[in-house]
Amino acid sequence: MWTVIYIAPSAKMAEKIQDKLTVEGFLVKIRQAGLSKQFEILVPEGELEEIQEVLNSILH
């Protein structure tokens with residue numbers, strides 16, 4: 001099951017996050033959030049806690 005972990009304000013930001021998480025060895029999907037210009041970052045539910053730690057270091 002895929003879970004939304006973050007909503008990026010742009011495609012560029014979503015791709016940057018996806019690239020960094022992929023380098024860390026995680027599976028990541030991106031999808032547009034409805035009709036908005038925001039993009040959802042999705043990850044496997046089982047890896048959620050571990051990915052959250054890495055995501056926090058990416059964003060800060």
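How many bridges join strand 1 to strand 3, and do the two strands run parallel or antiparallel? Six bridges join them, and the strands run antiparallel.

## Model and overall form

This is a predicted model. Its mean pLDDT is 94, and 100% of the residues reach 70 or more. Among the elements, strand 3 has the highest mean pLDDT, at 97, and helix 2 the lowest, at 93.

The secondary structure consists of two helices and three strands, arranged along the sequence as β-α-β-β-α. The C-alpha trace spans about 30 × 25 × 15 Å along its principal axes. The radius of gyration is 11 Å, which agrees with the value near 10 Å for a compact globule of 60 residues. Among contacts between residues at least 6 apart in sequence, 61% join residues at least 24 apart.

## The sheet

The three strands form an open sheet in the order 1-3-2, with antiparallel pairing. Strand 1 and strand 2 (29-32) are the edge strands, each pairing on one side only. On average, neighbouring strands of the sheet are turned by 35° against each other, direction ignored.

Within the pairing of strand 1 with strand 3, Ala8 has Phe39 as its bridge partner. On the strand 2 side, four bridges join strand 2 to strand 3, and these two strands also run antiparallel. Here Gln32 stands opposite Phe39, and Arg31 stands opposite Glu40. Phe39 is thus paired with Ala8 and with Gln32.

Strand 2 and strand 3 form a hairpin with six residues between them. In the turn, Gly34 has a positive phi of about 60°.

## Helices against the sheet

Helix 1 lies across strand 1, strand 2 and strand 3, and runs at about 20° to strand 3. Helix 2 lies across strand 1 and strand 3, and runs at about 10° to strand 1.

Met13 is located in helix 1. Is Met13 buried, partly exposed or exposed? Its relative accessibility is 27%, so Met13 counts as partly exposed, given that buried means under 20% and exposed over 50%. The C-alpha atoms of Met13 and Phe39 are separated by 8.7 Å, although the two residues are 26 apart along the chain.

## Burial and the nonpolar core

Of the 60 residues, 28% count as buried. Strand 3 is largely enclosed by the rest of the structure, because six of its six residues are buried. In soluble globular proteins, nonpolar side chains tend to be buried together.

Which residues of the largest nonpolar core touch the most other members? They are Ile5, Leu21, Phe26, Val28, Ile41 and Ile51, in a core of 13 residues. Strand 1 (2-8), helix 1 (11-23), strand 3 (39-44) and helix 2 (48-59) each supply at least two residues of this core.

Ile41 can be taken as an example. Leaving aside neighbours within four places in sequence, Ile41 is in contact with Thr3, Val4, Ile5, Tyr6, Ala14, Ile17, Leu21, Val28, Lys29 and Ile30. Among these contacts are Ile5, Leu21 and Val28, which are also listed with Ile41 among the core residues that touch the most other members.

Key
Residues are numbered from 1 along each chain as its sequence is written. This is a predicted model: local features need pLDDT of at least 70, side-chain atom pairs count only at pLDDT 80 or more; totals for chains, interfaces and linings use all residues. Side-chain values use heavy atoms; hydrogens and water are left out. A nonpolar core is a set of buried Ala, Val, Leu, Ile, Met, Phe, Trp, Tyr and Cys residues joined through side-chain atoms within 4.5 Å. Buried means under 20% relative accessible area, exposed over 50%, partly exposed in between (1.4 Å probe, protein chains only). Contact means heavy atoms within 4.5 Å. Two strands pair if DSSP finds at least two bridges between them. Axes are lines fitted to C-alpha atoms, for helices over the stretch in contact, and angles run from 0 to 180 degrees between N-to-C directions. pLDDT is the predictor's confidence in each residue, from 0 to 100. The radius of gyration is taken over C-alpha atoms; the globule rule is 2.2 Å times the number of residues to the power 0.38.
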